[in-house]
Amino acid sequence: MLEVKNIKKRFNELEVLKGVSMTFSTNQITSIIGPSGTGKSTLLRCLIGLETIDEGEIVVDNEKLLYTDAALHAHRQKIGMVFQEWHLFDHFTVLQNITFALRKVKHMTKEEADQKGIELLTKFSLKEKANAYPNELSGGQKQRIAIARTIALEPRYLLFDEPTSALDNETIKEFIDICRQLVNDHLGIIVITHDLNFASKVSDQLIELKNGYVQSNIKTKEYFTEKEN
Ligand code: ADP
Ligand code: MG
């Protein structure tokens, strides 16, 4: 379980999160919605420890997040984030984009990392692109590599900041399939989105942030009738 307990976060005079609590479990997709500038990205950055918090606690599997280098390193093995612009290394091949972290963080040999990388590319239907460079790929393919690279480190939770905003409908469908597959593999998925279809029909939990507070938090499967599915 990933627990956010009454966290507050300010940037100088600006209090962005004013006491926010929520819980995420593995096997669950959560959508976070809310107006621009309301602190959604800040919340995700706090969740992976890229920002410190001023009050409250972030707790993963009963372990409170501390801000030492060692604790942050361990924390980021449990929680991965796929950034909005994917942050791929353009001068690395697709395979190298994945194996880089495996070698650096998991200390795998080249052979071990290559094997795991190919496995992941196969899973994400990208094996034939192993030796291509990111700029030779479509937006959806880049996203899949960014996901594969993060999954390679075997996190328990995966965070996405507006993953579908630059994708066409067909690619959004692929993204939804990937999310469902990852949840079946026992990951918890947390997605900031403006896509109300995704938020209401794909996610299990829907949280609305507004003015620094949780405005609403609903179990979507109970809340929305499923007659359209
Ligand atoms: P959202 O993702 O909901 O659009 P953000 O979390 O990006 O909102 O930003 C929330 C508020 O915090 C905004 O007013 C933004 O300008 C401010 N903010 C975000 N990051 C920083 C920072 N590093 N320093 C100062 N202000 C920041
Ligand atoms: Mg944002």
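**A guided tour from L206 to N12**

L206 is buried, with a relative accessible area of 9%. Select this residue as the starting point, bearing in mind that the model is predicted. The backbone around the selection belongs to strand β9, which covers residues 205–210.

Next, display the surroundings of L206. Once its neighbours within four places in sequence are set aside, L206 is in contact with S31, I33, A199, S216, N217, I218, T220 and F224. Two of these partners, S31 and I33, may be labelled before turning to the others, among them A199 and F224.

Add K221 to the selection and draw a distance between C-alpha atoms. K221 is 15 residues from L206 along the chain, and the two C-alpha atoms are separated by 9.9 Å.

Now move to N6, which is located in strand β1, residues 2–11. Inspect the backbone torsions here: phi is positive, at about 50°, although N6 is not a glycine. How exposed is N6? Its relative accessible area is 42%, so N6 counts as partly exposed, whereas L206 is buried.

The last stop is N12, in the loop between β1 and β2, the latter spanning 14–24. N12 is not a glycine either, yet its phi is positive, at about 50°. Is N12 buried or exposed? With a relative accessible area of 68%, N12 is exposed, because a value over 50% meets that description.

To review the tour, colour three residues together: L206 in strand β9, N6 in strand β1, and N12 in the loop between β1 and β2.

Conventions. Residues are numbered from 1 along each chain as its sequence is written. Chains are lettered from A and ligands numbered from 1 in the order in which they are written. This is a predicted model: local features need pLDDT of at least 70, side-chain atom pairs count only at pLDDT 80 or more; totals for chains, interfaces and linings use all residues. Side-chain values use heavy atoms; hydrogens and water are left out. Helices (H or I, at least four residues) and strands (E, at least two) are DSSP runs, numbered from the N terminus. Buried means under 20% relative accessible area, exposed over 50%, partly exposed in between (1.4 Å probe, protein chains only). Contact means heavy atoms within 4.5 Å.
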